[in-house]
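Trainee: Got a minute? I'd like to walk through this structure with you.
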Amino acid sequence: MRSRLPAFEYAEARSVDAALSFLSARGAGAKPLAGGTDLLVAMRMKGARPSALVNLKTIPGLDKIEGREDGLHIGALVTMQAVASSSEVAREYACLAQAASVVGSWQVRCRATLGGNLCNGAPSAETAPPLLVLGAKAAIAEPGGRCQVIDLERFFHGPGATECSQGKLLLEVMVPKPEENLRTIYIKHSPRKAMDIAVVGVAVALSFDRGGHIIKDARIALGAVAPTPLRAREAEESLVGRAFTCDVARDAGRLAAACAKPISDVRASAEYRLEMIEVLVARALTALVDAGRGGQV
Amino acid sequence: MSETGRCQNGKTPITLKVNGKDYELLVKPNETLLDVLRERLGLTGTKKGCDLGDCGACTVLLDGNPVNSCLVLAVDAAHGEVLTIEGLAENGELHPLQDAFIQYGAIQCGYCSPGMIMTLKALLDRQPNPTREQVMSAIAGNLCRCGGYHKIAEAALAASRTMHGGDGKS
């Protein structure tokens, strides 16, 4: 039987300002609490000892998915399950729905939030590669009532470190309206079918010119293969303006692997991860091309 | 409540709604819903396995959604309504899932059964006619150490047929 959770001061925020004031008053030991599916495990298993937790779920309005003219606004407190089962997300942002649906278990997805997934700063965060290829932006509240909007690419600083690591709160993620005919896919590679984190995560967004043969836009993002989730720009550039062939896909896979700096750990060796990037990028590209020819992703 | 509702003397008064009943409790912030259910309310049908959100033995429904009660703070659960295995039977009648688990031998040691049944209840509430794949994917977060997944899926599919007015037999 495990020991109880360590003691902490607990507060429920009614507003973003109140949460920020609480965090700044309590200092570095205070942490925001969203779904708790990572934080409570870290407190039991990994020695995390926050002196105070401020519950963000009591702040009204942060758990909405809203389609606006400029794109989809997803509140930081929206659960993975809500992202995975939103028809709006599935319709235009397929890779994001796919990623959210393979996080943990159903029980975990019902609690875990999009904001928590991103703010933990895990290199393997499932929702990060899809959001990167979709060109997402993060709205961040700072003490004093300021709010800044940054490209999500600038959000991740390193393992466990993000723009929101100390004293700031992620409010929402904005995903711009995708151009017409943009198709997206997320492939998670892990030894188990469920309840596992990714050994490699690959998201790809692809569109073709009007004739349907020449690649107009290509975006590739990788998870779990570098200190942060990242875009594989050289691989993207190698695709644009070319007709799709198996060789083109394989080259893109090799270039994507060259962007990665994986580590070896209990889940996989660095060498294996590099190999799998090549395989999965080519597989993702092929699946999107097949889908465009009437097949299913 | 102030802008940030805060606890006093390390304990917070909460009203926990469990199986349609209100419980007035004074809890510490670090008490989990699982521990409060088992140790304060005596509802030991919900099991403690890993206490880390991996095994699903502690699954209860919070506002109709399956959650690992070991990963929910009791103070947090007070914002919703909890349903545990003890709340499934109505007027002394077992829920069709409970009946089917017995009939199909889906229980061996029984430790995973309450969590399995609660997850499957959430599934049948949303998807009255699930496929076997949907059943297996729903219970991906519920471990059965006896390896009885086949009979558990059989029982779930039988319960779904029963709930549609059939007799549970295919």
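Mentor: Sure, we'll take the sheet, a helix, a buried residue and then the second chain in turn. Keep in mind that this is a predicted model.

Trainee: OK, the sheet in chain A. What's the order of its strands?
Mentor: The order is E4-E5-E10-E6-E7 in chain A, an open sheet of five strands with antiparallel pairing. The twist from one strand to the next averages 25°.

Trainee: Which strands stand at the edges?
Mentor: Strand E4 (65-68) and strand E7 (147-151) of chain A. Each has a single partner strand, so one side of each is left without a neighbour in the sheet.

Trainee: And what holds paired strands together in general?
Mentor: Strands of a sheet pair through backbone hydrogen bonds.

Trainee: How many bridges join E6(A) to E7(A)?
Mentor: Five, and the two strands run antiparallel. For one example, A:Ala141 has A:Cys147 in E7(A) as its bridge partner. E6(A) and E7(A) form a hairpin with five residues between them, and A:Gly144 in the turn has a positive phi of about 95°.

Trainee: What about E6(A) and E10(A)?
Mentor: Those pair in the antiparallel sense too, over five bridges. A:Ala141 turns up here as well: its bridge partner in E10(A) is A:Leu169.

Trainee: And E5(A) with E10(A), how many bridges there?
Mentor: Five bridges, antiparallel, between strand E5 (residues 71-75) and strand E10 (residues 169-176) of chain A. A:Gly75 is bridged to A:Glu172 in E10(A).

Trainee: Is E6(A) mostly covered or uncovered?
Mentor: Mostly covered, with four of its five residues buried. Helix H1(A) lies across strand E6 (137-141) and E10 of chain A, running at about 130° to E10(A).

Trainee: Switching topic: how far apart are the end C-alpha atoms of helix H11 in chain A?
Mentor: They're 33 Å apart. At 1.5 Å a residue, the 23 residues of H11 (residues 270-292) of chain A should span 33 Å, so the two agree.

Trainee: Which residues in H11(A) are buried?
Mentor: Among them are A:Met276, A:Ile277, A:Leu280, A:Val281, A:Ala284 and A:Leu288. Here's a handy bit of background: an α-helix has 3.6 residues a turn, so residues three or four places apart point the same way.

Trainee: What do the buried residues of H11(A) pack against?
Mentor: Three strands and two helices of chain A: strands E11 (183-189), E12 (200-208) and E13 (215-223), plus helices H9 (233-239) and H10 (246-259).

Trainee: Now A:Leu118. Why does it count as buried?
Mentor: Because A:Leu118 has 25 C-beta neighbours inside 10 Å, and the cut-off for buried is 20 or more. A:Leu118 lies in helix H7 (residues 114-119) of chain A.

Trainee: What does A:Leu118 touch?
Mentor: Leaving out residues up to four places away in sequence, its contacts include A:Ala125, A:Phe155 and A:Leu170.

Trainee: Last topic, chain B. How many helices and strands are there?
Mentor: Six helices and six strands. The radius of gyration of chain B is 17 Å, close to the 15 Å that the globule rule gives for 170 residues, so chain B is as compact as a globular protein of that length. As for burial, 51% of the 170 residues of chain B count as buried.

Trainee: How many residues of chain A are in contact with chain B?
Mentor: 31 residues of chain A, meeting 28 residues of chain B. By class, that side of chain A has 18 nonpolar, seven polar and six charged residues.

Technical notes. Residues numbered from 1 in each chain as written. Chains lettered and ligands numbered in written order. Predicted model: local features only at pLDDT ≥ 70, side-chain atom pairs only at ≥ 80, totals over all residues. Expected span 1.5 Å × (residues − 1). Buried ≥ 20, exposed ≤ 12 C-beta atoms within 10 Å, placed from the backbone. Contact = placed C-beta atoms within 7 Å. Rg over C-alpha atoms; globule rule 2.2 N^0.38 Å. Nonpolar A, V, L, I, M, F, W, Y, C, P; charged D, E, K, R; others polar. Pairing = 2+ DSSP bridges. Axes fitted to C-alpha atoms, helices over the stretch in contact; angles between N-to-C directions.
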